[in-house]
There are 2 protein chains.
Amino acid sequence: MSTIQETLQTASAAYAASFTQGHLALPPAKQYLVLTCMDARIDPARAFGIDLGDAHVIRNAGASAVDGLRSVVISQQLLGTKEIILVKHTGCGMLTFTNEVAYGLVEERLGPAAVEELQEKNLDFLTFPELEAAVVKDVEFLKASKVVPDSVTISGWVYEVETGKTRRVV
Amino acid sequence: MSTIQETLQTASAAYAASFTQGHLALPPAKQYLVLTCMDARIDPARAFGIDLGDAHVIRNAGASAVDGLRSVVISQQLLGTKEIILVKHTGCGMLTFTNEVAYGLVEERLGPAAVEELQEKNLDFLTFPELEAAVVKDVEFLKASKVVPDSVTISGWVYEVETGKTRRVV
């Protein structure tokens, strides 16, 4: 067992020992979803005030709405959420490289077979050069998508990893 | 402003007021990633013992490794993580329907243009009929992928929404 796995088991046992929320239902009680980045410096529950059972939390590299669309559709059409909170953040890794750089790095480290596997999947790393513009672009993508009904409320935000603050962009 | 947005602003202001971790670095300090479901009943930080800054947390409908592959590659090749903890959970929505049912529901609710948009993207809802088997299958997918090096440690787990416990599958 790795150290990480041991830590998980210990923390999990302590969490379960005082767990009292086994009654929560599958559909999010507050009928919303948060789409944010996988960044290690974000704790959505605490930073955005999400109580257990209240909201879906979708996380991927860069809080990409394009990459998260499958989960958004499932959240809305199968589990009844009606509002989207999109949160990107300062200091995001996706601001620091391009698709070309990422593909180059994969080739250098993992060889041409890895690049081929990504190309077969048409994988786009979905990087972005400017933070606020990327928030606006992703909100517009969701609003324009035919799989997100016009009745859904969508807002776009930036979380500041330096201050712990979240501010609204759109 | 919606009630959800107001709650976010209030909670965020309180969080920022006592925030002391603005010094954390971009790469996860403990060099691992957790891939789990967007389900509202999971709080990965508390349930799996993840301290702020320690690990990437990728979340999508069903904790799908196929859907999360882009984020996994970025986490490993650009931000240096070396271990994957995959956690699916009991009572997952992805156990309750099939791709056909999901497409049917989208058509019924949003019309043929929405279905077309999903089909153009080749969208697979990536449902699964059996929980433990799905954990094994996703771990095998990651191990077989050429974009995940053999040196990466991968384990698969199930979180029980009824008890708060996390148990290892593979």
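In this predicted model, a good place to start is a single pair of facing residues: L86(A) stands opposite G156(A), a residue of strand β4 of chain A. This pairing belongs to a longer match between neighbouring strands, as β3(A) and β4(A), the latter spanning residues 153-159, run parallel and are joined by seven bridges. Strand β3(A) also pairs with strand β1 of chain A, made up of residues 32-37. Here, too, the strands are parallel, and five bridges connect them. One of the matched positions places Y32(A) as the bridge partner of E83(A) in β3(A).

With partners in both β1(A) and β4(A), how covered is strand β3 of chain A? The strand takes in residues 83-89, and seven of its seven residues are buried. Its side chains can be sorted by direction. E83(A), I85(A), V87(A) and H89(A) point one way, while I84(A), L86(A) and K88(A) point the other way. Residues of both sets are buried, including L86(A), met above opposite G156(A).

A helix of chain A offers another covered position. S71(A) sits in helix α3(A), which covers residues 69-78. Is S71(A) buried or exposed? Its relative accessibility is 0%, and therefore it counts as buried, the cut-off being under 20%. Leaving aside residues up to four places away in sequence, S71(A) touches I58(A) in its own chain, and it also touches M38(B), N60(B), A61(B) and D67(B).

Attention now turns to the aromatic rings. How many aromatic pairs does the structure hold over all chains? There are six, and two of chain B are described here. In the pair formed by F48(B) and Y159(B), the ring centres are 5.9 Å apart and the planes meet at 85 degrees, so the arrangement is edge-to-face. F48(B) belongs to the loop between α2 (44-47) and β2 (55-60) of chain B, whereas Y159(B) is in strand β4(B), residues 153-159; the pair therefore ties together parts that are 111 residues apart in sequence. Both F48(B) and Y159(B) are buried.

Y103(B) and F125(B) form another such pair. Their ring centres are 5.4 Å apart and their planes are at 80 degrees, so this pair is edge-to-face as well. Y103(B) comes from helix α4(B), residues 99-110, and F125(B) from the loop between α5 (112-120) and α6 (131-144) of chain B, so the pair links parts that are 22 residues apart in sequence. Y103(B) and F125(B) are each buried.

Definitions and conventions. Residues are numbered from 1 along each chain as its sequence is written. Chains are lettered from A and ligands numbered from 1 in the order in which they are written. This is a predicted model: local features need pLDDT of at least 70, side-chain atom pairs count only at pLDDT 80 or more; totals for chains, interfaces and linings use all residues. Side-chain values use heavy atoms; hydrogens and water are left out. Buried means under 20% relative accessible area, exposed over 50%, partly exposed in between (1.4 Å probe, protein chains only). Helices (H or I, at least four residues) and strands (E, at least two) are DSSP runs, numbered from the N terminus. Two strands pair if DSSP finds at least two bridges between them. Contact means heavy atoms within 4.5 Å. Rings of Phe, Tyr and Trp (its six-membered ring) pair if their centres lie within 6.5 Å; planes under 30 degrees apart count as stacked, over 60 as edge-to-face and the rest as tilted.
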